[in-house]
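Biologist: Please take a close look at the aromatic rings in this model, and then set them in the context of the rest of the chain. I would like the reasoning behind each assignment spelled out.

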Amino acid sequence: MSKILGLTGGIACGKSTISAYLKEFGLPVIDADECSRAVVEKGSIGLEKLTEIFGNKILKNDGTLNRKALGRIVFSDSEQLSLLNSVMEPLIREEISRRLNQENNADLVVLDAPLLIEQHYDKICDFIMTIDVPKKIQLERLIERDKLSEDEAKSRIESQLSSRERNGFADVVIDSSGTVEQTRKQVIKWLKTINV
């Protein structure tokens, strides 16, 4: 039975860099965002359910999901967003479960999920690794990466769990404010301690 390492972190903290590094290191990585895209591919039950609820206006001409059109509906109406989540969350959970089962021969599997804590995936993890940076660096990275105004970037950061709350669940907190090499060394050092 594999051990599961839950990997999470705030927006623009460097989680994707660590996830890619863990893959290079030879660990299987289950990406929750990838799972959420897979369950609404053309011809999927997920897309069929969403079309029943929100209509054909959420589809592109080729029959695939128009994420922008769906976003316009759900992000301006909390009831619609709840409806979307009630359809998506069980499908994503099932897809994550299926992918974890496929990797059950590995000693350690990484579950990379931005909302690991919020959606209670921490309950199925043996270890939790959070990636963190000082707020000033996080803000600078997010403005640079997504070309946002300072106010837009701040509101995105504030819409998530605070670092302090997230880090309270962690077995290890990786500080990614230094060089890539410094960050990698922290990850390697911790992996050696868990003896998997």
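Modeller: The answer below begins with the ring pairs, moves to neighbouring parts of the chain, and ends with the overall fold.

The model is predicted, not determined by experiment. Searching the whole structure for aromatic pairs gives 2 of them. One is formed by Tyr-21 and Phe-25, with 5.8 Å centre to centre and 50° between the planes, and it is classed as tilted. The class follows from the angle, because planes under 30 degrees apart would count as stacked and planes over 60 as edge-to-face. The two partners differ in exposure: Tyr-21 has a relative accessible area of 8% and is buried, whereas Phe-25, at 44%, is partly exposed.

The other pair joins Phe-127 and Trp-190; the ring centres are 5.5 Å apart and the planes stand at 80°, so this pair is edge-to-face. Phe-127 belongs to strand S4, residues 127–132, and Trp-190 to helix H9, residues 180–194, so the contact between the rings ties together parts that are 63 residues apart in sequence. Both Phe-127 and Trp-190 are buried.

A further ring takes part in a contact with a charge. The charged end of Arg-93 sits over the ring of Tyr-121, at 4.2 Å from the ring centre. Next to Tyr-121 in the sequence is His-120, which lies in the loop between strand S3 (108–112) and S4. The backbone of His-120 deserves a remark. Most residues other than glycine have a negative phi. His-120 is not a glycine, yet its phi is positive, about 65°. His-120 is partly exposed, with a relative accessible area of 49%.

A similar backbone value turns up at Ala-12, where phi is near 65°, again positive in a residue other than glycine. Ala-12 is placed in the loop between S1 and helix H1 (15–24). With a relative accessibility of 10%, Ala-12 counts as buried, because the limit for that class is under 20%.

Just before S4 there is a link back to the start of the chain. The C-alpha atoms of Asp-126 and Lys-3 are separated by 5.9 Å, although the two residues are 123 residues apart along the chain. Lys-3 lies in strand S1, residues 3–9. The relative accessibility of Lys-3 is 38%, so Lys-3 counts as partly exposed.

The cysteines can be dealt with next. The structure holds 0 disulfides. For Cys-125, the closest cysteine sulfur is that of Cys-35, 13 Å away, and this is too far for a bond. For Cys-13, the closest cysteine sulfur is in Cys-125, at 18 Å, which is also too far for a bond. The cut-off makes the point plain, because a disulfide needs two cysteine sulfur atoms within 2.5 Å. Both residues are nevertheless buried: Cys-13 has a relative accessibility of 1%, and Cys-125 has 14%.

Cys-35 also appears among the neighbours of Arg-99. Leaving aside residues up to four places away in sequence, Arg-99 touches Cys-35, Ile-30, Glu-34 and Ala-38. Arg-99 lies in helix H5, residues 78–102. Although it is an arginine, Arg-99 counts as buried, at 16% relative accessibility.

The details above sit in the following overall fold. The protein has 9 helices and 5 strands, and from the N terminus on its elements run β-α-β-α-α-α-α-β-β-α-α-α-β-α. Of the contacts with a separation of 6 or more, 70% are between residues 24 or more positions apart; the Phe-127 and Trp-190 pair, with partners 63 residues apart in sequence, spans such a distance along the chain.

Of the 196 residues in the protein, 43% are buried. Taken along the principal axes, the C-alpha atoms fill a box of roughly 50 × 45 × 30 Å. The radius of gyration is 18 Å; a compact globule with 196 residues would have one near 16 Å, and the two values agree. The accessible surface amounts to about 11400 Å², and carbon and sulfur atoms account for 49% of that area.

Technical notes
Residues are numbered from 1 along each chain as its sequence is written. This is a predicted model: local features need pLDDT of at least 70, side-chain atom pairs count only at pLDDT 80 or more; totals for chains, interfaces and linings use all residues. Side-chain values use heavy atoms; hydrogens and water are left out. Rings of Phe, Tyr and Trp (its six-membered ring) pair if their centres lie within 6.5 Å; planes under 30 degrees apart count as stacked, over 60 as edge-to-face and the rest as tilted. Buried means under 20% relative accessible area, exposed over 50%, partly exposed in between (1.4 Å probe, protein chains only). Helices (H or I, at least four residues) and strands (E, at least two) are DSSP runs, numbered from the N terminus. A charge sits over a ring if NZ of Lys or CZ of Arg is within 6 Å of the ring centre and within 35 degrees of the ring normal. The radius of gyration is taken over C-alpha atoms; the globule rule is 2.2 Å times the number of residues to the power 0.38. Contact means heavy atoms within 4.5 Å. Accessible areas come from the Shrake-Rupley method with a 1.4 Å probe; for residues, only the protein chains shown count as cover.
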